[in-house]
Amino acid sequence: MTATDIPAPAPVPAAPAHGELHGPVLAWFEQHARDLPWRRPDAGAWGVMVSEFMLQQTPVSRVLPVYEQWLARWPRPADLAAEAPGEAVRAWGRLGYPRRALRLHGAAVAIAERHGGDVPDDHAQLLALPGVGEYTAAAVASFAYGQRHAVLDTNVRRVFARSVTGVQYPPNATTAAERRLARALLPGDASTAARWAAASMELGALVCTARNEECGRCPIASRCAWRLAGKPAHDGPPRRGQTYAGTDRQVRGKLLAVLREAVAPVPQAALDAVWDEPVQRARALDGLVADGLVEPLDGGLYRLPLA
DNA sequence: CATTCGTGGGG
DNA sequence: TCCCCAAGAAT
């Protein structure tokens, strides 16, 4: 670490111009928090970590059943680490973005090898695990270990954008200003900070939603900068939409679905049947192999990876 | 910093 | 029907 690596001190707002948000949001959370399995006391850090992987871009309702199956089958990181990675991909089912299954398996292996089988409680060590980025590291450290971290997910970003900044939506990519704001709003006490992280996230998930927000149920509606400004519509570049039909992603999904259902190696012909355009089909299959999601065998056979 | 990476439900 | 979006990470 050299002097040039030390970031300039972030300007700290002299006084919060947005008033006190913690009290109302924490009280609301007390009353309205969902009883989700990964929030139960017995979930443990591994349960929290599994849930965070699955919830990366997948709604709670679809995660719930798969989460229960995973924790029943692999109650500890070492249990998953002992399995073939392909089993993780198979058990991932249709949650989407199956590379997450591979990374979760990789994280379990790393935890078994480097951390004695226990999910690390250190943010930097969490961040070093495959599939763990800034959000997930902060979430596990906060939710599982009660530490003080800014947990900045899409829900929290939207809540802050509206209630504090006064705009309908946060920027497309997370900005330094958002991180600075999240840190400034973080309660000083670790246990309160952890509850604040969960509460602000829950508010975004249940009330301050992307569409059809329910300000009538919001505990901070009277202080919300966006609402007080008359809820001006989002201006600026359109929020990046994700096309899907006809993309490689769709082809990869169809190919992998065949392999997930198969108990034995699948012949090339069975994969060829899912997409008629041969160039794109080949590119998609190559991509799956390159990602380690598919293992090619001799004789034009394919299967989920054994190692 | 922009792209890529699945899947399904709701408005 | 079509479009939007859902507790992001890696490159």
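Student: Before we look at the DNA, which residues count as nonpolar, charged and polar?
Tutor: Ala, Val, Leu, Ile, Met, Phe, Trp, Tyr, Cys and Pro count as nonpolar. Asp, Glu, Lys and Arg are charged, and the others, Gly among them, are polar. Keep in mind that this is a predicted model.

Student: Fine. How does the surface near DNA strand C split by class?
Tutor: It has 10 nonpolar, 8 polar and 9 charged residues.

Student: Which residues come closest to that strand?
Tutor: Trp38, Gly131, Thr136, Arg239 and Gln242 are the closest, out of 27 residues that surround DNA strand C. On the DNA side, sugar and phosphate make up 61% of the strand atoms that come within 4 Å of the protein.

Student: And the bases? What does Trp38 contact?
Tutor: A base nitrogen of DNA strand C lies 2.8 Å from a polar side-chain atom of Trp38. Arg211 also reaches a base: an N or O atom in its side chain is 3.4 Å from a base oxygen of the strand.

Student: What part of the strand does Gln57 meet?
Tutor: A phosphate oxygen, which lies 3.2 Å from a polar side-chain atom of Gln57.

Student: Which elements give two or more residues to that surface?
Tutor: Helix H2 (44-55), helix H8 (134-144) and H9 do. H9 spans 154-165.

Student: Back to Trp38. Is its ring pair with Tyr67 stacked or edge-to-face?
Tutor: Edge-to-face, because the ring planes stand at 75°, with the centres 5.2 Å apart. Over 60 degrees counts as edge-to-face. The whole structure has 4 aromatic pairs.

Student: Why does that pair tie parts of the chain together?
Tutor: Trp38 sits in the loop between helix H1 (22-32) and H2, while Tyr67 belongs to helix H3 (residues 60-73), so the pair joins parts 29 residues apart in sequence.

Student: New topic. What does UniProt annotate over residues 54-206?
Tutor: The record, an unreviewed entry, gives "domain: HhH-GPD" for that stretch.

Student: How much helix and strand is in there?
Tutor: Residues 54-206 are 65% helix and 0% strand. The C-alpha atoms at the two ends are 19 Å apart.

Student: Now empty space. How many cavities of 30 Å³ or more are there?
Tutor: The count is 2. The largest has a volume of about 110 Å³, and the second largest is about 50 Å³.

Student: Which residues lie nearest the centre of the largest cavity?
Tutor: Arg162, Cys208, Cys215, Cys218 and Cys224, from a lining of 15 residues. H9 and helix H12 (225-228) each give two or more residues to that lining. H9 gives the most, with 3.

Student: What is the class split of that lining?
Tutor: It divides into 10 nonpolar, 1 polar and 4 charged residues.

Student: And what lines the second largest cavity?
Tutor: Ala150, Val151, Val156, Phe160, Ala182, Leu186, Trp196, Ala197 and Ser200. By class, that is 8 nonpolar, 1 polar and no charged residues.

Student: Which element supplies the largest share there?
Tutor: H11 does, with 3 residues. H9 and helix H11 (190-206) each supply at least two.

Methods:
Residues are numbered from 1 along each chain as its sequence is written. Chains are lettered from A and ligands numbered from 1 in the order in which they are written. This is a predicted model: local features need pLDDT of at least 70, side-chain atom pairs count only at pLDDT 80 or more; totals for chains, interfaces and linings use all residues. Side-chain values use heavy atoms; hydrogens and water are left out. UniProt positions are given in the numbering used here, feature names are shortened, and annotations may be inferred rather than shown by experiment. Helices (H or I, at least four residues) and strands (E, at least two) are DSSP runs, numbered from the N terminus. On a 1 Å grid over the protein atoms alone, a cavity is a set of points where a 1.4 Å probe fits but cannot get out, and a pocket is an open set with protein on both sides within 12 Å along at least five of seven lines; lining residues have an atom within 4 Å of a point. Grid points are joined across faces, edges and corners, and a volume is the space filled by probe spheres set on the points. A residue is near a molecule or strand if one of its heavy atoms lies within 4 Å of it. A polar contact is a pair of N or O atoms within 3.5 Å; within protein, one must be able to donate a hydrogen and the other to accept it, and residues adjacent in sequence count only if both atoms are side-chain atoms. Rings of Phe, Tyr and Trp (its six-membered ring) pair if their centres lie within 6.5 Å; planes under 30 degrees apart count as stacked, over 60 as edge-to-face and the rest as tilted.
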